[in-house]
Amino acid sequence: MSTNNIPACKISIPYYNTTLVDVIISVNGSSLLSFPLSVVSSEPKIINATKVNTTGGIVTIIGANFGDRISRVNSVFIDFYNCKIISMSVPYQVILVEVNSGVGTNISMNVTVDGRTSSVNLFSYHAPVITEVHGREEITVIGSNFGVIGTSVNLTIDSQLCSNTSIINNHTTIFCTPSF
């Protein structure tokens, strides 16, 4: 496109932590025009995040506008917990953080880069997995991703809710008394 017979050009500018950049237009090595350009960087955006076991671990966050180096990432919050930022495996797009133990699905998550915070995205821990069930009068369930001692847990057997249900070994063992 052109206006008044002056050719137009499109300028693509990578992410910057600044509001003003110098633009120099040159043709065949000769500088024709130099001017400051006001730039507004886009807010970070979370596209996806990997799940982890309830014991916690490393979460890979995939998104956009995370900056060109890890020092630009100010914080990553999952729920109200500030995660430890580990690394940036792909500039602008992929960061790795360490998540504490926890349970649940659809937990709020956001990333702040250079003072700009992403809109809220959702994070989930892996769902519980049952590998063994023992007992009759007292039931012991063994598996993974149950949470820690003190976590509220419900267990249903043959459509009957167990009473006295509790986690007796962090993340791996539940005990209950059947109601039937």
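Leu 33 lies in strand E4, which spans residues 30-38. In this predicted model, Leu 33 counts as partly exposed because its relative accessibility is 43%, between the limits of 20% and 50%. Leu 33 also belongs to a nonpolar surface patch, together with Val 27 and Leu 32. The accessible area of these three residues together is about 280 Å².

Ser 75 is found in strand E7, residues 73-78. Its relative accessible area is 10%, so Ser 75 is buried, the cut-off being under 20%. Apart from neighbours within four places in sequence, Ser 75 touches five residues by contact: Asn 82, Ile 85, Asn 110, Val 111 and Thr 112.

Two cysteines can be described in terms of burial. Cys 83 is buried, at 9% relative accessible area, and Cys 176 is buried as well, at 0%. The structure has zero disulfides.

The table lists the relative accessible area of the residues discussed above.

| Residue | Relative accessible area | Class |
|---|---|---|
| Leu 33 | 43% | partly exposed |
| Ser 75 | 10% | buried |
| Cys 83 | 9% | buried |
| Cys 176 | 0% | buried |

Confidence in the model is given by pLDDT. The mean over the protein is 87, and 84% of the residues reach 70 or more. Among the elements, strand E10 (residues 94-99) has the highest mean pLDDT, 97, and strand E1 (residues 2-3) has the lowest, 49. Predicted coordinates should not be read in detail where pLDDT is low.

Definitions and conventions. Residues numbered from 1 in each chain as written. Predicted model: local features only at pLDDT ≥ 70, side-chain atom pairs only at ≥ 80, totals over all residues. Heavy atoms only, no water. Disulfide = S-S within 2.5 Å. Buried < 20%, exposed > 50% of the residue type's maximum accessible area, 1.4 Å probe, protein only. Helix = DSSP H or I, 4+ residues; strand = E, 2+ residues; numbered from the N terminus. Contact = heavy atoms within 4.5 Å. pLDDT = per-residue confidence, 0-100. Patch = residues over 30% accessible without salt bridge, like charges linked within 9 Å, V, L, I, M, F, W, Y side chains within 5 Å. Areas by Shrake-Rupley, 256 points an atom, 1.4 Å probe, with all protein chains shown as cover. Salt bridge = Lys/Arg side-chain N within 4 Å of Asp/Glu carboxyl O.
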